[in-house]
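Visitor: I should like to be guided through this structure by way of questions and answers. Where may we begin?

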Amino acid sequence: MPETPFSDPLAWRPVKAPSLEEIEVIATEAFRRLPPKFRELCEDLVVRVEDFPDEEVLDEMEAESEFDLLGLFQGVGLPFRSEAAPTHMPNMVWLYRRPILDYWSEHDETLGAIITHVLVHEIGHHFGLSDDDMHAIEESVA
């Protein structure tokens with residue numbers, strides 16, 4: 001019988017949940033795999049990873065729990081930008097590590113697939129894309 005990672009329960013002792021930096025590496029790789037045209041339009045977009053959304057975001061989104069949001073787009077989406085409007089803070093996508101890990105633990109998906117989904121969904125808000133458009137982009141990276 002072949003040996004599996006579960007064969008030695010003590011082998012799991014050093015394993016930890018991915019850190020903020022490790023989630024950021026996964027998100028960077030997911031972003032790199034998105035279609036080039038899509039990435040080019042995101043040149044001013046900033047992706048940040050935090051453990052949880054802050055209280056202001058939770059209140060604004062009327063979240064019942066800090067685990068309710070996996071990610072968030074903040075800024076002015078491309079369809080709503082105006083040349084005459086003053087420039088504000090850069091558009092940002094926030095990925096929330098702990099809610100993502102919680103979701104991962106409850107579903108039969110890889111962590112990379114979940115991060116890609118959240119990233120594409122939040123970037124989709126930047127472009128004003130429909131859910132069908134976002135699904136098609138996700139499928140192109142799968």
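**The central strand and its surroundings**

Guide: In this predicted model, strand 3 is covered on both of its faces. Met92, Trp94 and Tyr96 are buried on one side, and Val93 and Leu95 are buried on the other.

Visitor: How many residues of strand 3 are buried?

Guide: In a regular strand, side chains point alternately to the two faces of the sheet. Strand 3 has buried residues on one side and on the other. The strand is largely enclosed by the rest of the structure, because the buried residues number five of the five.

Visitor: In what order do the strands of the sheet stand?

Guide: The sheet is open, has three strands and shows mixed pairing. Strand 1 (46-50) and strand 2 (71-74) each have a single partner strand, so they stand at the edges with one side left without a neighbour in the sheet. Neighbouring strands are turned against each other by 20° on average, direction ignored. The order is therefore 1-3-2.

Visitor: Is the pairing of strand 1 with strand 3 parallel or antiparallel?

Guide: Strand 1 and strand 3 are joined over five bridges. Within this pair of strands, valine 47 stands opposite valine 93 of strand 3. The sense of the pairing is parallel.

Visitor: Which residue in strand 3 is the bridge partner of leucine 72?

Guide: Strand 2 pairs with strand 3 (residues 92-96) over four bridges, in the antiparallel sense. The partner in strand 3 is one of the residues buried on the side of Met92 and Tyr96. The bridge partner of leucine 72 is tryptophan 94.

Visitor: At what angle does helix 4 run to strand 3?

Guide: Helix 4 comprises residues 97-106. The helix lies across strand 1 and strand 3. Its angle to strand 3 is about 50°.

**Side-chain pairs**

Visitor: Is the aromatic pair of phenylalanine 52 and phenylalanine 67 stacked or edge-to-face?

Guide: The structure holds one aromatic pair. The ring centres of phenylalanine 52 and phenylalanine 67 are 5.1 Å apart, and the planes stand at 85°. Planes over 60 degrees apart count as edge-to-face, so the pair of phenylalanine 52 and phenylalanine 67 is edge-to-face.

Visitor: How many residues apart in sequence are the parts tied together by phenylalanine 52 and phenylalanine 67?

Guide: Phenylalanine 52 lies in the loop between strand 1 and helix 3 (55-60), whereas phenylalanine 67 lies in the loop between helix 3 and strand 2. Phenylalanine 52 is partly exposed at 22% relative accessible area, and phenylalanine 67 is partly exposed at 30%. The pair therefore ties together parts that are 15 residues apart.

Visitor: Which residue forms a salt bridge with aspartate 51?

Guide: A search of the whole structure finds three salt bridges. In the one that involves aspartate 51, the closest N and O atoms are 2.6 Å apart. Aspartate 51 lies in the loop between strand 1 and helix 3 and its partner in helix 4, so the pair ties together parts that are 46 residues apart in sequence. The partner is arginine 97.

Visitor: Is arginine 97 buried or partly exposed?

Guide: Aspartate 51, at 28% relative accessibility, counts as partly exposed. Arginine 97 has a relative accessible area of 13%. Buried means under 20%, so arginine 97 is buried.

Notes
Residues are numbered from 1 along each chain as its sequence is written. This is a predicted model: local features need pLDDT of at least 70, side-chain atom pairs count only at pLDDT 80 or more; totals for chains, interfaces and linings use all residues. Side-chain values use heavy atoms; hydrogens and water are left out. Two strands pair if DSSP finds at least two bridges between them. Helices (H or I, at least four residues) and strands (E, at least two) are DSSP runs, numbered from the N terminus. Axes are lines fitted to C-alpha atoms, for helices over the stretch in contact, and angles run from 0 to 180 degrees between N-to-C directions. Contact means heavy atoms within 4.5 Å. Buried means under 20% relative accessible area, exposed over 50%, partly exposed in between (1.4 Å probe, protein chains only). Rings of Phe, Tyr and Trp (its six-membered ring) pair if their centres lie within 6.5 Å; planes under 30 degrees apart count as stacked, over 60 as edge-to-face and the rest as tilted. A salt bridge is a side-chain nitrogen of Lys or Arg within 4 Å of a carboxyl oxygen of Asp or Glu.
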